[in-house]
Amino acid sequence: MAEPAKPADTNRPALALHVPEPKYRPGDRADFSHLDIGQPGDQPRPDEGVHPSQISGLAYGLIRVLGDDNQVHGPWNPRLSPDTLRAMLGHMAMVRAFDERMFRGQRQGKTSFYMKCTGEEATSIAPAMALASDDMVFPSYRQQGILIARGYPLLDMINQIYSNRADKLKGRQLPIMYSSRAHSFFSISGNLATQCPQAVGWAMASAAKGDSRIAACWVGEGSTAEGDFHSACTFAAVYNAPVILNVVNNQWAISSFSGFAGGERTTFAARGLGHGIAALRVDGNDALACYAAAEWAANRARGNHGPTLIEYFTYRAEGHSTSDDPSGYRSAQEREEWPLGDPVTRLKKHLIAIGEWDEERHAAMDLECAELVKATTKEAEKNGILGHGLHHPFHTMFEDVYEELPWHLEEQAEQAIRERITKFGTERPFG
Amino acid sequence: MNENPATVGEAVIAERRLNMIEAINEALDIMLERDPDVIIMGEDVGYFGGVFRATAGLQAKHGKNRVFDTPISECGIIGAAVGMGAYGLRPVPEIQFADYIYPGLDQLISEAARLRYRSAGDYIAPLTVRSPFGGGIFGGQTHSQSPEALFTHVAGLKTVIPSTPHDAKGLLISAIEDNDPVIFFEPKRIYNGPFTGFYDKPVEPWKKHPDSVVPEGYYKVPLGKARHVREGEALTVLAYGTMVHVAQAVCEAKGVDADILDLRTLVPLDIKAIEASVEKTGRCMIVHEATRTSGFGAELSALVTERCFYHLEAPVERVTGFDTPYPHSLEWAYFPGPVRIGEAIDKLLKD
């Protein structure tokens with residue numbers, strides 16, 4: 001007879017379940033003094049070919065360039081020309097103006113949904129500028145800054161948001177789920193983190209073909225909990241894929257704070273270390289630090305040194321979307337207390353401090369952005385707004401499900417068109 | 001490979017006979033050769049050549065950039081394949097068993113199947129996901145499932161299931177060249193020989209079956225076209241994969257003059273062939289190995305009833321697996337074999 005199994009000890013202590021809780025709820029005084037944000041310039045900048053194990057500190061520290069003195073500090077200063085800095089500031093101002101207008105448009109009933117990226121502009125615009133224009137990006141839903149930086153027409157963005165006649169996606173996608181192959185901008189899904197292994201696959205294909213283009217994806221810290229993110233890390237590491245995995249840690253996934261994605265235990269950048277992926281943690285409200293980190297990762301990928309995971313430490317200054325009211329779950333003070341400030345203000349103050357910008361020009365730029373967005377909005381409205389008419393011929397609903405329409409979709413298309421005639425008669429062409 | 005020369009008049013024609021694995025391997029080899037954008041990836045498919053040997057020799061011949069092993073992550077395999085498709089490649093990922101495809105479902109359903117639509121043609125996902133499916137090999141519940149109905153339910157996916165070596169090669173080439181994502185389920189019970197369902201009888205090898213004659217080189221069997229296995233007047237049989245052979249054997253054993261259609265492609269479905277057959281016979285038996293409730297047989301039954309109702313002389317009969325997991329020791333009790341099929345035929349023909 002075998003020895004009996006170890007008997008159960010009746011004096012064992014009761015176990016306790018830990019359910020994370022954010023520090024501040026509505027009505028609380030927010031205080032972020034517990035956050036260790038280091039000092040600008042205090043992180044080393046290793047060679048791009050470094051082995052990930054030698055730079056593990058960068059996954060826990062915070063790469064910062066712009067100081068409270070509005071000057072640049074340390075080895076991560078990307079040494080951008082004043083023209084580039086002004087272009088960066090211009091893109092950020094444009095995104096902010098665009099977000100304001102589209103948010104109001106949704107409130108006015110012109111579309112169903114919108115998502116602002118207020119406070120996070122630097123995390124998409126700076127990396128987009130650090131990449132080449134033909135590097136492939138796989139965005140999440142809050143990277144409108146990439147399209148602005150890549151010169152995608154505002155009119156096309158608004159047409160998509162309105163799902164109107166001129167919407168290049170034929171009214172099929174939720175507002176802001178853009179796609180533009182011409183801008184190397186992948187179709188936005190809405191299912192979270194699915195773009196991560198896709199970006200890795202694209203990068204693997206580029207490498208397998210001996211191409212020189214690299215890929216980058218963006219994912220929120222909350223979505224790093226998805227299996228897709230971890231599959232992406234595994235594949236990126238296994239195949240040394242030329243890819244940049246950008247994690248935008250804006251602290252909140254709708255109402256769930258970063259603790260529900262594991263943020264209480266370690267940093268999101270540290271997710272890379274277990275995979276053997278180079279990992280950087282960056283002040284996401286410091287456009288220069290964001291640019292420098294993305295440039296480092298792009299050089300690393302292009303030099304066949306493999307993937308990089310970048311955590312952009314930032315703060316979602318507004319609600320998750322137009323369908324969200326953050327006053328129901330977090331302290332309203334958090335935004336103003338955020339210790340890393342506002343990315344637009346910080347870049348503006350830096351440009352002023354180095355004598356390359358002034359308040360008058362800034363005010364004029366803001367006005368110009370607002371007016372351009374307003375005029376483009378009016379132009380887009382000529383193509384219709386959501387809910388005011390069915391803008392697209394009904395047959396388009398059945399197109400692109402497959403390359404060619406199989407018989408069952410032909411039959412269903414005929415039915416849809418019959419239903420339209422029953423409702424509207426044959427007089428109206430469509431809409 | 002077997003070479004069985006047959007004499008036709010004076011000429012000697014090399015009648016090459018392959019089993020289904022060899023036919024699939026040949027289709028992959030040809031497509032790797034013809035199209036530099038075709039790549040093959042999956043668990044154990046590289047150096048080793050796959051657990052069923054479907055990719056044997058392909059890495060050695062075409063190199064590691066074209067044929068390679070992957071991590072054990074179906075989500076990652078399909079997700080990476082979607083990205084490769086966006087780049088311009090034509091990936092042919094293998095999922096080692098259909099039972100393991102579920103971690104990749106979101107990437108298939110929400111991504112691959114929707115990409116052309118949601119981007120209005122900006123991006124496509126021209127993947128062909130190969131996966132052995134079905135039971136009858138004592139694979140237990142995790143190596144025996146037939147999940148085809150999960151995929152036929154998804155707008156944007158095509159689902160293809162061959163039943164012979166000849167079709168496996170031609171359909172796989174069509175699937176790879178297709179610009180839409182295709183789920184290509186390979187009935188593993190008939191990889192090495194057509195199975196009649198009489199599990200207590202000796203196994204027949206493919207070389208005795210006429211459809212193991214596989215032409216050399218490139219050819220296509222079009223998607224969306226059924227194969228008329230046998231012309232008959234008494235009743236229509238709709239089947240695919242392994243069950244084509246089982247249904248045919250039972251009809252032969254019972255001396256039933258059946259009109260048997262091998263559907264080959266479930267989506268898009270060859271509805272014209274189905275309608276023509278049922279209008280001729282007035283009776284319809286649908287056979288699949290998958291579980292019954294919401295199985296593809298339900299769709300077929302509905303289509304036949306909706307479209308051929310006034311030609312029907314008896315209610316449509318479905319013969320399927322039971323609504324249980326695939327039981328290891330009782331797999332022949334689960335399997336829709338000769339007894340179950342025979343009862344359905346008797347019911348259909350009793351009036």
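Begin by selecting helix H10 (residues 296-308) of chain B, which lies across strand S10 (235-239), S13 and S14 of chain B and runs at about 160° to S13(B); helices (H or I, at least four residues) and strands (E, at least two) are DSSP runs numbered from the N terminus, contact means C-beta atoms, placed from the backbone, within 7 Å, and angles run from 0 to 180 degrees between the N-to-C directions of axes fitted to C-alpha atoms, for helices over the stretch in contact. This is a predicted model, in which local features need pLDDT of at least 70 and side-chain atom pairs count only at pLDDT 80 or more, whereas totals for chains, interfaces and linings use all residues. Residues are numbered from 1 along each chain as its sequence is written, and chains are lettered from A and ligands numbered from 1 in the order in which they are written.

Next, show the sheet beneath this selection by name: 5 strands of chain B form an open sheet of mixed pairing in the order S9-S11-S10-S13-S14, where two strands pair if DSSP finds at least two bridges between them. Its edge strands, each pairing on one side only, are strand S9 (227-230) and strand S14 (317-321) of chain B, and neighbouring strands are turned by 25° against each other on average, direction ignored. Select strand S13 (residues 284-291) of chain B, which runs parallel to S14(B) and is joined to it by 4 bridges; B:Met285 stands opposite B:Glu317 in S14(B).

Now colour chain B by domain, with domain 1 at 2-190 and domain 2 at 224-349, bounds that come from an automatic or database domain assignment. The contact between them takes 24 residues from domain 1 of chain B and 24 residues from domain 2 of chain B. On the domain 1 side, the elements giving two or more residues are helix H6 (148-152), strand S7 (158-160) and helix H7 (165-177) of chain B.

Turn then to the chain interface, where 36 residues of chain B are in contact with 36 residues of chain A. Helix H3 (74-87), helix H4 (105-112) and helix H5 (115-118) of chain B are the elements that give two or more residues to the chain B side, and H3(B) gives the most, with 10 residues.

Finish in chain A by selecting A:Ala293, which touches A:Ile63, A:Leu280, A:Val282 and A:Ile310, not counting residues up to four places away in sequence.

Technical notes: Contact = placed C-beta atoms within 7 Å.
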